[in-house]
Amino acid sequence: QVQVVESGGGLVQPGGSLRLSCAASGSILRIAAMGWYRQAPGKQRELVAAITSSDSTNYADSVKGRFTISRGNAKNTGYLQMNSLKPEDTAVYYCKANLVYGLGSRDDYWGQGTQVTVSS
């Protein structure tokens, strides 16, 4: 059974940092592409950062220069480094992983989300 699990969320003071992890498990070969999304109460889910299969990255304007998306050394992991956090970054953060199976087939999977709260 394929699973995508996020971890690393928590409570942090403004100006602090967190690193979120995204790990895929099951009968997969690797994460081809990955996106980090967030959803604050009463708001729509929005794309925060993404990395393509060719390692191109893009970021929401609100997080440029503060957040960095990356792959892990293991082919089934990825990260979102978040620095200079602001109260408006408070949200549930989700990983969407484009997973590669045998014979080159691919599919998207979402994790269950991890809460990030930025507050003093």
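1. Buried means under 20% relative accessible area, exposed means over 50%, and partly exposed lies in between (1.4 Å probe, protein chains only). By that scale Lys 64 is exposed, with a relative accessible area of 51%. Asp 61 is exposed too, at 64%. The two residues form a salt bridge, with their closest N and O atoms 3.1 Å apart. A salt bridge here is a side-chain nitrogen of Lys or Arg within 4 Å of a carboxyl oxygen of Asp or Glu.

2. A note on the source. This is a predicted model, in which local features need pLDDT of at least 70 and side-chain atom pairs count only at pLDDT 80 or more, while totals for chains, interfaces and linings use all residues. Residues are numbered from 1 along each chain as its sequence is written, and side-chain values use heavy atoms, with hydrogens and water left out.

3. Salt bridges overall. Side chains of opposite charge can pair when their charged atoms come close. The count comes to five salt bridges. One of them joins Arg 38 and Glu 46, at 2.7 Å from N to O. Arg 38 is buried, with a relative accessible area of 6%, whereas Glu 46 is partly exposed at 34%.

4. Strands 4 and 5. Strands are DSSP runs of E with at least two residues, and helices are runs of H or I with at least four, both numbered from the N terminus. Two strands pair if DSSP finds at least two bridges between them. Strand 4 (residues 30–39) and strand 5 (residues 46–51) pair in the antiparallel sense over five bridges. Arg 38 stands opposite Glu 46 of strand 5, and these two residues also share the salt bridge described above. Six residues lie between the strands of this hairpin, and among them Gly 42 takes a positive phi near 80°.

5. Strands 5 and 6. Strand 5 also pairs with strand 6 (residues 57–59), again in the antiparallel sense, over three bridges. Ala 50 has Asn 58 of strand 6 as its bridge partner. Five residues lie between the strands of this hairpin.

6. Asp 55. Where does Asp 55 lie? Asp 55 is in the loop between strand 5 and strand 6. Its phi is near 70°, a positive value in a residue other than glycine. At 46% relative accessibility, Asp 55 is partly exposed. Arg 71 forms a salt bridge with Asp 55, the closest N and O atoms being 2.6 Å apart. Arg 71 lies in strand 7 (residues 67–71) and Asp 55 in the loop between strand 5 and strand 6, so the pair ties together parts that are 16 residues apart in sequence. Arg 71 is partly exposed, at 29%.

7. Ser 84. This residue has a positive phi of about 50° although it is not a glycine. Ser 84 is in the loop between strand 8 (77–82) and strand 9, and is partly exposed at 39%.

8. The disulfide. A disulfide is a covalent bond between the sulfur atoms of two cysteines. The rule used here is a pair of cysteine sulfur atoms within 2.5 Å. A search of the whole structure finds one: Cys 22 and Cys 95, with sulfur atoms 2.1 Å apart. Cys 22 lies in strand 3 (residues 18–25) and Cys 95 in strand 9 (residues 91–100), so the pair ties together parts that are 73 residues apart in sequence. The torsion about the S-S bond is about -70°, so the disulfide is left-handed. Both cysteines are buried.

9. Glu 6. Which side chain of opposite charge is nearest to Glu 6? It is Arg 45, 7.4 Å away; Glu 6 is buried yet has no salt bridge. (Lys and Arg count as positive and Asp and Glu as negative; His and the chain ends are not counted.) Glu 6 is in strand 1 (residues 3–7). A polar atom of its side chain lies 2.7 Å from the backbone nitrogen of Cys 95, and one lies 3.0 Å from the backbone nitrogen of Gln 112.

10. Strand 11 (residues 114–118). Its side chains alternate: Thr 114, Val 116 and Val 118 point to one face and are buried, while Gln 115 and Thr 117 point to the other and are not. Strand 2 (residues 10–12) runs parallel to strand 11, joined by three bridges, with Leu 11 opposite Thr 117. Strand 9 pairs with strand 11 in the antiparallel sense over three bridges, and Val 92 has Gln 115 as its bridge partner.

Technical notes:
A polar contact is a pair of N or O atoms within 3.5 Å; within protein, one must be able to donate a hydrogen and the other to accept it, and residues adjacent in sequence count only if both atoms are side-chain atoms.
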